[in-house]
Amino acid sequence: MTDPDRYRTLFFSEARELVEGLNAPLLALERDPADQAALREAFRLVHTLKSMAAAVGFGRAADLAHAVESVLDRAQKGEAEISPPLVDLLFRAADQLGRLSTPDEGQVERDESEAMLEEMGHASQNHEAAVPASPARPREAGEPESPRGGVAAAQTIRIRVQRLDTLINLAGELLIIKSRLRSIAAAAPADGL
């Protein structure tokens with residue numbers, strides 16, 4: 001399995017976990033639109049999915065996740081209201097994200113994706129004022145994200161996309177250097193090379 005294939009396989013697994021994880025905070029928001037902890041968790045999950053999708057080239061999933069993230073960000077800032085229609089839209093967007101983050105993502109019609117993006121865009125422009133029960137508290141530096149249990153969580157690690165990009169670039173440079181050294185050694189054999 002080549003590295004890109006391995007990263008895509010990891011993406012499919014992680015994306016499925018993230019989309020499934022969205023159900024709990026969305027259900028919490030359906031019960032209590034002022035639940036700031038659920039709002040922050042939904043935002044965190046969608047933000048992670050957006051970054052991962054962009055890193056492996058799943059542009060439609062990344063675009064939709066970005067649109068959902070924008071709506072959730074406005075809700076956190078009190079600029080948009082979490083209403084039953086919005087929660088319903090977020091559930092439908094989560095379903096669409098799930099379909100766009102699989103090996104069969106090409107089967108999702110482009111028109112369907114664009115329609116969902118347009119709906120999220122309209123929701124992002126919603127200017128109704130929210131009345132949160134308590135202001136959203138940003139996560140403090142060094143404060144752990146919400147814990148996730150289970151065997152799968154114990155077998156995976158999470159790293160920032162920027163670090164992964166740097167690691168991939170460095171590995172590529174090492175392969176190029178190794179190839180050059182082999183060429184030099186083949187052209188002019190030298191002891192100890």
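Ile 184 is partly exposed in this predicted model, its relative accessible area being 48%, and its place is in helix α7, which spans residues 161-187. Together with Ile 177 and Leu 181, Ile 184 forms a nonpolar patch on the surface, and the three residues have about 270 Å² of accessible area together.

A patch of another kind, one of negative charge, is found on the surface where Glu 109, Asp 111, Glu 114 and Glu 118 gather. Of these residues, Glu 109 lies in the loop between α4 (84-100) and α5 (110-124), and Glu 109 counts as exposed because its relative accessible area of 52% is over the 50% cut-off.

Helix α5 also holds Glu 119, which takes part in a network of charged side chains. Arg 92 forms a salt bridge with Glu 119, with 2.8 Å between the closest N and O atoms; this pair links distant parts of the chain, since Arg 92 is in helix α4 and Glu 119 in helix α5, 27 residues apart. Salt bridges that share partners join Asp 88, Arg 92 and Glu 119 into one network. Within that network, the side chains of Asp 88 and Arg 92 meet at 3.6 Å, N to O, and these two residues are separated by about one helical turn because they are four residues apart in helix α4. In an α-helix, which has 3.6 residues a turn, residues three or four places apart point the same way.

Seven salt bridges are counted in the model, among them the one in which the side chains of Lys 77 and Asp 73 meet at 3.1 Å, N to O. The relative accessibilities of residues that take part in these contacts are set out below.

| Residue | Relative accessibility | Class |
|---|---|---|
| Lys 77 | 54% | exposed |
| Asp 73 | 26% | partly exposed |
| Asp 88 | 43% | partly exposed |
| Arg 92 | 34% | partly exposed |
| Glu 119 | 32% | partly exposed |

Helix α3, residues 59-76, has 18 residues and reaches 25 Å from its first C-alpha to its last, close to the 26 Å expected at 1.5 Å a residue. Because 13 of its 18 residues are buried, α3 is largely enclosed by the rest of the structure. Just after α3, Gly 78 takes a positive phi of about 80 degrees.

Two C-alpha separations complete the description. His 47, which is in helix α2 (residues 36-55) and is partly exposed at 34% relative accessibility, has its C-alpha atom 7.0 Å from that of Ala 65, although the two are 18 residues apart along the chain. The C-alpha atoms of Glu 119 and Ala 67, 52 residues apart along the chain, are separated by 9.3 Å.

How values were computed: Residues are numbered from 1 along each chain as its sequence is written. This is a predicted model: local features need pLDDT of at least 70, side-chain atom pairs count only at pLDDT 80 or more; totals for chains, interfaces and linings use all residues. Side-chain values use heavy atoms; hydrogens and water are left out. Patches are made of residues with over 30% relative accessible area and no salt bridge: like charges are joined within 9 Å, nonpolar side chains (Val, Leu, Ile, Met, Phe, Trp, Tyr) within 5 Å. Accessible areas come from the Shrake-Rupley method with a 1.4 Å probe; for residues, only the protein chains shown count as cover. A salt bridge is a side-chain nitrogen of Lys or Arg within 4 Å of a carboxyl oxygen of Asp or Glu. Lys and Arg count as positive and Asp and Glu as negative; His and the chain ends are not counted. The place of a charge is taken as NZ of Lys, CZ of Arg, CG of Asp or CD of Glu. Buried means under 20% relative accessible area, exposed over 50%, partly exposed in between (1.4 Å probe, protein chains only). The expected span of a helix is 1.5 Å times one less than its number of residues.
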